[in-house]
Every structure is written in C-alpha cells, then in structure tokens.
Amino acid sequence: MKPLVIDLCCGLGGWTRGFLSEGWEAIGFDIEKHEYGDKRYPGELILRDITTLCGYDLRCVNPALVVASPPCQKLLVYGDALEPR
Ligand SMILES: C[S@@+](CC[C@H](N)C(=O)[O-])C[C@H]1O[C@@H](n2cnc3c(N)ncnc32)[C@H](O)[C@@H]1O
C-alpha cells in the first residue's frame with residue numbers, strides 16, 4: 001500500500017509532484033482550482049477552505065504525512081492592506 005500525503009494549500013502541486021514521483025498517493029486541499037493551460041494539480045483535489053478543517057477530517061483518511069504551504073501574506077505587495085496584523 002502506498003503512503004498517503006495530504007497537501008494543504010496545494011496550488012498546482014509542487015509538493016505533490018515530488019511525492020508522486022517517489023510513489024506516494026496525494027490528496028490536495030485548496031480553496032480554488034488552479035489551471036494554467038495544461039498545468040493543474042496532479043493528485044486528487046478537494047476544493048475546501050482549510051480554515052474549516054478539523055483534525056478528524058484528516059485522520060479519517062489516515063495520512064502518513066501532512067504538508068502545508070499557505071500564502072505568504074507578509075511578502076505580498078498588498079498583503080498589509082488586505083490583512084492588518
Ligand atoms: C503558496 S501557494 C501553494 C503552493 C503549492 N503548495 C506548491 O507546492 O506548488 C498557496 C495556495 O494556498 C491556497 N489558499 C489560500 N487560502 C486558502 C485557504 N483558506 N484554504 C485552502 N487553500 C488556500 C491558494 O489558492 C494557493 O493555491
């Protein structure tokens with residue numbers, strides 16, 4: 001059985017592509033579906049706001065690993081204007 005990785009904020013699947021090439025299965029969560037030409041997320045994609053997830057949602061598929069790469073608001077030009085901190 002292949003190990004399963006959950007990729008939170010998966011985008012186009014940078015993390016996922018690495019895991020798939022090493023023989024893992026991947027489920028990605030993202031708030032939107034990213035498609036640019038023929039580029040799209042390469043694993044199973046679940047459209048979901050990850051701030052609505054709880055631990056049980058992830059435990060029930062028994063992942064070997066959970067990775068996350070949320071947006072880097074501090075590096076965005078308009079980040080502070082959109083989200084004061
Ligand atoms: C830094 S990019 C992800 C890069 C990707 N992990 C990779 O390796 O190529 C951040 C992603 O977070 C997603 N995102 C932002 N807010 C989110 C939320 N609340 N729930 C789920 N995904 C979210 C965006 O749509 C975007 O695809």
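## Around the ligand, and a look at helix H1

Nine nonpolar, six polar and three charged residues make up the shell around the ligand. Here Ala, Val, Leu, Ile, Met, Phe, Trp, Tyr, Cys and Pro count as nonpolar, Asp, Glu, Lys and Arg as charged, and the others, Gly among them, as polar. Keep in mind that this is a predicted model: local features need pLDDT of at least 70, side-chain atom pairs count only at pLDDT 80 or more, and totals for chains, interfaces and linings use all residues. Residues are numbered from 1 along each chain as its sequence is written.

The ligand has 18 residues around it, and the closest are Cys9, Gly11, Gly14, Ile31 and Ser69. To be near, a residue needs its C-beta atom, placed from the backbone, within 6 Å. Helix H1 and strand S2 each give two or more residues to this shell. Helices (H or I, at least four residues) and strands (E, at least two) are DSSP runs, numbered from the N terminus.

Now for H1 itself. Buried means 20 or more other C-beta atoms within 10 Å of a residue's own, exposed means 12 or fewer, and partly exposed is in between, with C-beta atoms placed from the backbone.

| Residues of H1 | Status |
|---|---|
| Trp15, Thr16, Phe19 | buried |
| Gly14, Ser21 | exposed |

The buried three sit on the same side of H1 because they cover an arc of only 90° around the axis, taken from the directions from the helix axis to the C-beta atoms. H1's buried residues pack against strands S1, S2 and S6. Just after H1, Gly23 has a positive phi of about 90°.

Technical notes. Contact = placed C-beta atoms within 7 Å.
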